Amino acid sequence: MDQLPANSTHSSDGKPTAGNRTAEAAAEQNEGRIKRLLVNLLPPATVVAVVMFWAFAPQAVLDNPWTLVIAIAATVAFVLALEWVFERHAGWRMTWTEFATDFFYVILSFTVIAWVTEALAEAPLRAAKASLGISTEWLMTLPFLVQAAIVVFLIEFGQYWMHRVMHNSHPFWLTHAPHHHITQLNAMKGYVGNPIELFLISLSVVALLDFDTAAIFCALNVLAVVSTYAHANVRANPPLLYSFFFTTIRHHSLHHSTDYESTRCNYANSLILIDRVLGTYREGESAIVGQDERKRLSIWEQFMFPFQPMIDRIKAKSNQTTHKAH
Ligand SMILES: [Zn+2]
Ligand SMILES: [Zn+2]
């Protein structure tokens with residue numbers, strides 16, 4: 001009997017043998033496994049790249065106020081491109097309507113919401129810091145990574161509680177519900193919501209403390225990357241080393257479940273560790289997202305949502321008075 005060389009893929013008559021077919025299938029499976037692993041490593045790799053950028057970029061680049069905006073925009077564009085190549089659910093595929101709405105909210109967040117937050121929160125906090133003589137300059141002597149980690153924690157801890165209140169108090173829920181009316185998840189969906197909610201969720205105590213500006217920008221960029229992936233239609237399931245600490249699409253899609261009760265878990269936008277420690281973590285994921293029979297709201301409806309019960313009451317009252325008059 002002729003012995004085939006171990007690396008041969010075909011028999012002597014050129015046809016693949018059963019054994020070789022198994023070897024080919026195993027090689028293909030192996031290739032699939034490696035590809036899957038690489039896709040799963042995309043979120044942690046992006047976070048590492050972002051941290052390296054802020055730690056080692058030239059001073060002139062770090063000092064430019066546009067650097068943070070460009071860096072966040074670039075990471076969002078990168079994740080949008082990944083949605084195209086490594087789609088998670090066909091039902092979440094980007095349409096022009098979704099893209100236009102999401103893009104509107106990204107611009108709104110970087111302009112109006114940012115200006116209002118600066119005027120109503122950041123500037124008053126800085127003034128309070130100065131008049132109360134709060135000085136924490138020792139924070140600036142800490143290593144860059146430690147400073148960035150503290151900023152990530154401070155922002156996330158505040159957001160966690162604000163978000164949890166929004167799911168447990170009706171007036172606050174009215175501002176947050178529009179974010180839960182989105183019927184698919186995409187890279188820019190983290191920016192979509194009623195403007196009151198977007199303002200409330202942007203509040204933090206960081207302005208009261210002294211940190212290296214690059215460390216603050218690094219933290220903001222990392223938070224943006226993690227929450228972008230946590231909303232993105234990308235087939236990445238990062239390893240536990242990442243998903244134990246950072247929120248993934250699995251955690252956050254479960255938070256976007258169609259029944260209200262199932263949304264009351266996994267509140268941390270980026271640092272899921274907080275949910276794990278405070279007992280609000282839940283395992284699982286959801287491919288179908290939305291609220292109220294998955295009713296998609298227009299931008300106008302999203303803006304008016306918190307005032308709708310009041311408007312309905314006024315309308316009902318005026319209807320009653322017209323009926324009485326007749
Ligand atoms: Zn929520
Ligand atoms: Zn969300």
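Start where two helices meet. M162, H163, V165 and M166 in helix 6 touch F172, W173, T175, H176 and H180 in helix 7. By class, this contact has five nonpolar and four polar residues, and no charged ones. The model is a predicted one.

Helix 6 covers residues 144-166, and helix 7 covers residues 170-180. Two packed helices are described by the angle between their axes and the distance between the axes. Here the angle is about 100° and the axes lie 8 Å apart. Angles of 65 to 115 degrees count as roughly perpendicular, and helix 6 and helix 7 are therefore roughly perpendicular to each other.

Three histidines of this contact also bind metal. H163 belongs to the helix 6 side, with H176 and H180 on the helix 7 side. Which residues coordinate the zinc ion (ligand 1)? The donors are H163, H167, H176, H180 and H255, each through NE2, at 2.0 to 2.2 Å. Along the sequence, these donor residues follow the pattern H-x3-H-x8-H-x3-H-x74-H. H163 has a relative accessible area of 6%, so this histidine is buried. H167 is buried too, with a relative accessible area of 0%.

Now move to the second metal. The zinc ion (ligand 2) lies 6.0 Å from the zinc ion (ligand 1). What coordinates the zinc ion (ligand 2)? H179, H231, H252 and H256 do, again through NE2, at 2.1 Å. The spacing of these donors along the chain is H-x51-H-x20-H-x3-H. Distant parts of the chain are linked by one pair: H179 in helix 7 and H231 in helix 9 (residues 213-231) are 52 residues apart. H179 has a relative accessible area of 5%, which means it is buried. H231, at 1% relative accessibility, is buried as well.

The geometry of this second site deserves a look. The angles among the four donor atoms of the zinc ion (ligand 2) run from 86 to 160°. A tetrahedral site needs all angles between 85 and 135 degrees. The site of the zinc ion (ligand 2) is irregular.

Follow the chain past helix 7. T183 sits in the loop between helix 7 and helix 8 (195-201). Is T183 buried or exposed? T183 is buried, with a relative accessible area of 14%. Which residues does T183 contact, leaving aside its neighbours within four places in sequence? The partners are E98, V289, R294, K295 and R296.

One of those partners, R294, leads to another loop. R294 is found between helix 12 and helix 13. E293 lies in this loop as well, which runs between helix 12 (273-278) and helix 13 (299-304). Most residues other than glycine have a negative phi. E293 has a positive phi, near 55°. R294 also has a positive phi, near 55°. Their accessibility values are 81% for E293, which is exposed, and 36% for R294, which is partly exposed.

Go back toward the N terminus for one more residue. V76 lies in helix 4 (residues 66-85). V76 is buried, with a relative accessible area of 8%. What does V76 touch, leaving aside its neighbours within four places in sequence? V76 is in contact with A187, M188, Y191 and T228. T228 falls within helix 9, which spans residues 213-231. S131 makes a contrast in distance. V76 and S131 are 55 residues apart along the chain, and their C-alpha atoms are separated by 38 Å.

Finally, step back to the whole chain. How many helices and strands are there? The chain has 14 helices and zero strands. From the N terminus on, the elements run α-α-α-α-α-α-α-α-α-α-α-α-α-α. Taken along the principal axes, the C-alpha atoms fill a box of roughly 100 × 65 × 35 Å. Of the 326 residues in the chain, 43% are buried. Among contacts with a separation of 6 or more, 76% involve residues 24 or more positions apart.

Definitions and conventions:
Residues numbered from 1 in each chain as written. Chains lettered and ligands numbered in written order. Predicted model: local features only at pLDDT ≥ 70, side-chain atom pairs only at ≥ 80, totals over all residues. Heavy atoms only, no water. Axes fitted to C-alpha atoms, helices over the stretch in contact; angles between N-to-C directions. Helix = DSSP H or I, 4+ residues; strand = E, 2+ residues; numbered from the N terminus. Parallel < 35°, antiparallel > 145°, perpendicular 65-115°, else oblique. Contact = heavy atoms within 4.5 Å. Nonpolar A, V, L, I, M, F, W, Y, C, P; charged D, E, K, R; others polar. Donors = N, O, S within 2.8 Å, 3.2 Å for Na, K, Ca; no water. Tetrahedral: all angles 85-135°; square planar, octahedral: opposite > 155°, others 65-115°. Buried < 20%, exposed > 50% of the residue type's maximum accessible area, 1.4 Å probe, protein only.
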